[in-house]
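Here is a short report on a protein model. Read it with the structure open beside you.

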Amino acid sequence: MNADLKSSLQTDRPHSARVWNYLLGGKDNYQVDSEVGDVILSTFPEFAAVARLQRGFLVRAVRYLAAEAGIRQFLDIGTGLPTADNTHGVAQRIAPDSRIVYVDNDPLVLAHARALLTSTPEGACAYLSEDVRNPERILAEAAHTLDFSRPVGLTLLGIMGQLSDADRPAELVATLLEALPSGSYIALSDGINTNEALNAAVTAYNAQSANTYHLRSPQEIADYFSGLDVVDPGVVATSAWRPDDTPLPHDAVDVAMCGVARKR
C-alpha cells in the first residue's frame with residue numbers, strides 16, 4: 001500500500017464501508033472497524049443478517065434491470081468494498097456489453113475496486129472517487145463511460161442514510177434522476193427507524209465512527225420514488241422484493257426498505 005493511500009484511510013477511526021465489510025464477513029477492515037462492528041452486533045445481533053439482505057436485494061434488482069428491463073448502463077453510487085456479486089458481475093453475466101460506473105469516496109474502496117472489479121471485453125467498468133453530495137461532478141465524470149442519451153440504472157443502496165437531513169438527500173436523488181433519460185431506473189434501499197434495538201445500535205455507531213448513519217421513516221424512503229413508475233411489488237422490506245430461492249439468513253430482521261422504479 002503506498003504512503004499516500006495509507007495516510008488517507010484514517011485507520012484510527014471506523015469507516016462505514018469497512019464496518020459493512022466486517023459485518024459481511026470480509027477481511028478488508030481494521031481493528032477499529034471490527035470493534036465498532038462488534039458494538040453494533042452486541043446491541044443488534046441481527047445486523048449482519050441485515051447486511052446480507054441488502055446484498056441480496058442488489059443482486060435481484062440488478063438482475064431485474066439487466067434481464068427484464070433491458071438496462072445496459074449502471075451508475076452505482078456508494079459502491080462499498082467489493083464482495084461477491086457486485087453490480088457489474090450480475091449485469092455482465094446477463095448482458096456482457098453492460099457498462100458500469102462505480103462511485104465511492106472511500107480511498108480503500110477505490111483501491112480495491114480498480115484491482116478487483118474487471119469488466120468483460122464487451123463492456124466497461126469505471127471508478128470515480130466522488131461524494132454523492134456532488135451529483136453534478138459525478139454525472140460529468142460518468143459521461144466519459146455512460147451515454148446519458150440512453151437509459152441508465154441508478155443504484156443507491158444504503159448510501160442516502162449516510163446523509164443528514166441538512167444534506168437534502170431527496171434533492172440529491174432528484175438531481176441525479178433529472179439527468180437521466182426517460183426509461184431509466186432507480187434501485188434504492190436504506191434503513192428505517194421502526195426498530196428500537198436498531199436505533200440504539202446506530203446511535204452507538206454514530207458516536208464512534210468517522211461517518212454517521214441516519215435511519216428514516218418508511219414514508220421517507222417511499223418519497224424517494226415520488227413521480228416514478230414503481231415496479232411491483234412496490235416499496236417494501238428488502239426480503240420482500242421479488243424473493244428468489246436463495247435462503248434467507250435464519251436471523252433475518254427486516255429493518256430496511258427498498259424499491260425499483262422507472263422514470264417516465
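Two strands count as paired if DSSP finds at least two bridges between them. The model described here is predicted. In it, E4 and E5 run parallel and pair over five bridges. One residue pair shows this well: Leu156 has Leu188 in E5 as its bridge partner.

**The enclosed strand**

How many of the seven residues of E5 are buried? Seven of the seven are, so E5 is largely enclosed by the rest of the structure. Both of its faces are covered. Tyr185, Ala187, Ser189 and Gly191 are buried on one side. Ile186, Leu188 and Asp190 are buried on the other.

**The nonpolar cores**

The largest nonpolar core contains 32 residues. Leu75, Ile77, Leu154, Leu156, Met160, Ile186 and Leu188 have the most contacts inside this core. Several strands supply two or more residues to the core, including E1 (73–77), E4 (153–157), E5 (185–191) and E8 (256–262). Helices H7 (135–142) and H8 (169–178) do as well. H8 gives the largest share, four residues.

Leu156 touches residues well beyond its bridge partner. Leaving out residues up to four places away in sequence, Leu156 touches Ile77, Val173, Leu176, Ile186, Ala187, Leu188 and Ser189. There is also a second, separate core, with 31 residues. Among its members are Leu58, Phe74, Ala113 and Leu157.

**Two helices**

The table compares the spans of H4 and H9.

| Helix | Residues | End-to-end C-alpha distance | Expected span |
|---|---|---|---|
| H4 | 21 residues | 30 Å | 30 Å |
| H9 | 13 residues | 19 Å | 18 Å |

For H9 (residues 196–208), the distance between the end C-alpha atoms agrees with the expected span at 1.5 Å a residue. H4 likewise comes close to its expected value.

Which residues of H9 are buried? They are Leu198, Ala201, Val202 and Tyr205. Seen down the helix axis, these buried residues fall within an arc of 95°, so they line one face of H9. On the other side, Glu196, Thr203 and Ala207 are exposed. The cover over the buried residues of H9 includes helices H2 (16–23), H3 (31–43) and H4 (47–67). At the start of H9, a side-chain oxygen of Asn195 comes to within 3.0 Å of the backbone nitrogen of Ala197.

H4 is itself largely enclosed by the rest of the structure, because 17 of its 21 residues are buried. Gly56 lies in this helix. Is Gly56 buried or partly exposed? Gly56 has a relative accessible area of 22%, and buried means under 20%. Gly56 therefore counts as partly exposed. Gly56 and Leu228 are 172 residues apart along the chain, and their C-alpha atoms are separated by 23 Å.

**A buried acidic residue**

Where is Asp131? It is found in the loop between E3 and H7. Its relative accessibility is 16%, so Asp131 counts as buried.

What does its side chain reach? One partner is the side chain of Asn105, in a polar contact at 2.9 Å. Another is the backbone nitrogen of Arg133, at 2.8 Å. Beyond neighbours within four places in sequence, Asp131 is in contact with Asn105 and Ile138. Asn105 thus appears both as a contact and as a polar partner.

Note on methods:
Residues numbered from 1 in each chain as written. Predicted model: local features only at pLDDT ≥ 70, side-chain atom pairs only at ≥ 80, totals over all residues. Heavy atoms only, no water. Core = buried A, V, L, I, M, F, W, Y, C linked by side-chain atoms within 4.5 Å. Buried < 20%, exposed > 50% of the residue type's maximum accessible area, 1.4 Å probe, protein only. Contact = heavy atoms within 4.5 Å. Polar contact = N/O pair within 3.5 Å; in protein donor to acceptor, adjacent residues only side chain to side chain. Expected span 1.5 Å × (residues − 1). Arc of directions from axis to C-beta.
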